[in-house]
Structure formats: C-alpha cells, structure tokens
Amino acid sequence: MQPHYQTEQNPIPSTSDEIQLIELVWFVWDSKIVILTSALMCLAAAFVYTLNTSKTYTSDTLLVPLSSFEVERFASLSSITGIEISAEELMTVYRQNWLKPGVIENGLVSVGFINEGDFGSKSDFEDAITGIAASIELQKAATSTKELSANPDAETHWRISFVTSRPDAWMKALKHIDKKATSDSREVYVKLFENWVEYETTKRAFEIKDIQVQLENAHSDYERETADRLAFLKEQASIARALGVGKTTIESQAFPIPTGIVANVLTDTPFYLRGYEAIEQEIKLIEGRENTKAFTRGYRDLEQKLRT
C-alpha cells in the first residue's frame, strides 16, 4: 500500500481586481467635472458661512470700589449726618442700581444694541431683550479661596461678563448703563441727605418751640415770684412804719479771722426789723426794673440754646 501525499495547489492570480480598479479610475476621470464642481461648491458654501457667521467675544468688566483716599472726602459729611458712606456701601448701592429692573434693557435699546423693528412683534422684541439682559452676569471677581489668597483685594471687586458679537455696541451700552447706575446711586445719597436735613430741621423747630415755651414759663415764674416778693415787702414795710422802725435793728456779731472779719447776722428775727427805709428801697428797685430777663432764673441759658 503506497502512502498518500496531499498535493498543495497554488491559486491562479485573478485579473478581476485589476479590472475593477482600472474601471474606477476611468469613472473618476470621466466624472472629474462633477467632482471638481462639487468640491468648489463646498468651498464656496464654507466661505459664505464663514462670512455670515459673526465672531463672538467675551467682555469682562471689573468693578473696583473707591479708594480710601477718595472715600475720605465724605468722612465729615458721614460723621455729621450719620449716613454710612464707605467704599463697600457705595459699591452695594451701585450694584443695586445696576441691576434695577429696566436699567440694562433701556441701556441696550438706547444705544441701538437691539431694535424693535427687527422683530415681528412687540412680545418677541421684549422676550429677546429680556433674554439678553438675563445673560449679562454680575458676580464676585474672586470665587475661590485660591483667587482670594492671590489677591485679597478681590474680595470687594465685582465682574460684569457678557458674550456678544457686537463689542463696540456693547461698550456703548455698558457706558450708558454705568452712567444711569451712577446717577441713580447719587440720587440715593441726595435723598438720604435731604431726609436728614428735613429731619434735623423739624427736630430743630420742635427744639426752638420747646425753648420758647420754657422762656415763657420762666418769665411767668419771674412775674409770679416778683409779685409775691413785692406783696411780702410791702406788708413788712407797713409793719415797720407802724412800729416806727426806720432803720434796721437786727443784731449781728463780728468774728475776726485771718483774712478779715465775718459778721454773723441773726436771721431768725422778723423781717420788718430791717427798717422800712431799706424795705421800701428794695420795693422801689424791683418795681423800677427795665430788664427783667437779667433777674429771671435760667433765661440766659435758654437764650444761648436758641442761638446754637
């Protein structure tokens, strides 16, 4: 029995692949006009798209509070009125007015950043401008501990961020909004000062009225006390005349001291013993007073309060 050996057969090369490749080359060559035209059309479309597509820019505006030197100008006014005028408070008021409803929208419209005529309806225009205003961000300049560590002053800084394809128009709108927010912030402090002036004026008017009432009361008290004093003196003078006591008969004792002599007057004796001459002279002087203010208790102090 003879061994069987498997015979290896080599495949015969096929020319079909070569034929297909040659046909593809001829097809491309025959279609070269169509392919070239399609490529040129794609390039043209890309070029037109590039021309019609606006570039977008991210605008970052940094808000920095006033320096301590600038705020120092308002220190005296703040101490007098009690109105807080600090760098932080000024920045807070400015931001509040920046974000006040209508300020951003009016700024965008005023400089022509957006026009109502470009929209089909008023509601579409209002929706568009509301959307633009909402996309404007006003936030802290430093939002991380790392940023604050690198620049501690950034704690009081704020950043306005806005993405736009019209940077020049946005810059005009930004200036308009800043002007409006600054003007409104100034009005806030003007109003606070006017309220303070009104309060102080009213307060001073009440103080003056109160002092005037006190002056009238002081004068009435003087008139009453003077009338009582004259009635007493006249009574004592009558008694002294009736008893024939013309001059004082009140005894006194003199005590020598290193600096002179002190008289100890006995005051527990009746007043009419002073003598009607002295008593009537006192009556005459009291009744002849032309300037009663000098003898009214507290009158001078009250007048000084009116002048201050």
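Student: Does Glu-303 count as buried, partly exposed or exposed, and at what relative accessibility?
Tutor: In this predicted model, a residue is called buried under 20% relative accessible area and exposed over 50%, with partly exposed in between. Glu-303 falls between those two cut-offs, so the label for Glu-303 is partly exposed, and the value behind that label is 27%.

Student: With which residue does Glu-303 form a salt bridge?
Tutor: Side chains of opposite charge can pair when their charged atoms come close. For Glu-303 the closest N and O atoms of the salt bridge are 3.9 Å apart, and a separation of that kind qualifies because the rule asks for a side-chain nitrogen within 4 Å of a carboxyl oxygen. The residue that forms this salt bridge with Glu-303 is Lys-293.

Student: How many residues apart in sequence are the parts that Glu-303 and Lys-293 tie together?
Tutor: Glu-303 belongs to helix α11, which covers residues 299–307, whereas Lys-293 sits in the loop between α10 and α11. Lys-293 is partly exposed, because its relative accessibility is 42%. The parts that this pair ties together are apart in sequence by 10 residues.

Student: In which helix does Lys-234 lie, given that its pair with Glu-287 links distant parts of the chain?
Tutor: Lys-234 and Glu-287 form a salt bridge in which the closest N and O atoms are 3.4 Å apart. The pair links distant parts of the chain, 53 residues apart, with Glu-287 in helix α10 (residues 276–287) and Lys-234 in helix α9.

Student: What is the relative accessible area of Glu-287?
Tutor: Lys-234, the partner in the salt bridge, is partly exposed with a relative accessible area of 42%. Glu-287 is partly exposed as well, and its relative accessible area is 48%.

Student: Arg-224 and Asp-228 are 4 residues apart in helix α9, so by about how much of the helix are they separated?
Tutor: These two residues form a salt bridge, with their closest N and O atoms 3.6 Å apart. Arg-224 is exposed at 57% relative accessibility, while Asp-228 is partly exposed at 44%. Because both lie in helix α9 (residues 167–243) at a spacing of 4 residues, they are separated by about one helical turn.

Student: Which residues are linked with Lys-180 in a network of salt bridges?
Tutor: Lys-180 is found in helix α9 and is partly exposed, with a relative accessible area of 39%. The structure has a count of 11 salt bridges, and the network that includes Lys-180 links this residue with Lys-100 and Asp-184.

Student: How far apart in space, C-alpha to C-alpha, are Glu-223 and Thr-296?
Tutor: Glu-223 is found in helix α9, and at 39% relative accessibility this residue counts as partly exposed. Glu-223 and Thr-296 are 73 residues apart in sequence, yet their C-alpha atoms are separated in space by 8.9 Å.

Student: What angle lies between the planes of Phe-113 and Phe-162?
Tutor: A pair of aromatic rings is described by the distance of the centres and the angle of the planes. The structure holds 5 aromatic pairs, and one of them joins Phe-113 and Phe-162, a tilted pair whose centres are 6.0 Å apart and whose planes meet at 55°.

Student: Which residue forms one aromatic cluster with Phe-113 and Phe-162?
Tutor: Phe-113 sits in the loop between α6 and α7 and Phe-162 in strand β3 (residues 158–164), 49 residues apart, so that pair links distant parts of the chain. Both of these residues are buried, and the residue that joins them in one aromatic cluster is Trp-170.

Student: Which residues gather with Glu-116 in a patch of negative charge on the surface?
Tutor: Glu-116 is placed in the loop between α6 (103–110) and α7 (122–135), and at 40% relative accessibility this residue counts as partly exposed. The residues that gather with Glu-116 in the negative patch are Asp-124, Glu-126 and Asp-127.

Student: About how much accessible area do Leu-77, Phe-193 and Val-197 have together?
Tutor: Val-197 is found in helix α9 and counts as partly exposed at 32% relative accessibility. With Leu-77 and Phe-193, Val-197 forms a nonpolar patch on the surface, and together their accessible area is about 210 Å².

Notes
Residues numbered from 1 in each chain as written. Predicted model: local features only at pLDDT ≥ 70, side-chain atom pairs only at ≥ 80, totals over all residues. Heavy atoms only, no water. Patch = residues over 30% accessible without salt bridge, like charges linked within 9 Å, V, L, I, M, F, W, Y side chains within 5 Å. Areas by Shrake-Rupley, 256 points an atom, 1.4 Å probe, with all protein chains shown as cover. Lys, Arg positive; Asp, Glu negative; His and termini not counted. Charge placed at Lys NZ, Arg CZ, Asp CG, Glu CD. Helix = DSSP H or I, 4+ residues; strand = E, 2+ residues; numbered from the N terminus. Buried < 20%, exposed > 50% of the residue type's maximum accessible area, 1.4 Å probe, protein only. Phe/Tyr/Trp six-rings, centres within 6.5 Å; stacked < 30°, edge-to-face > 60°.
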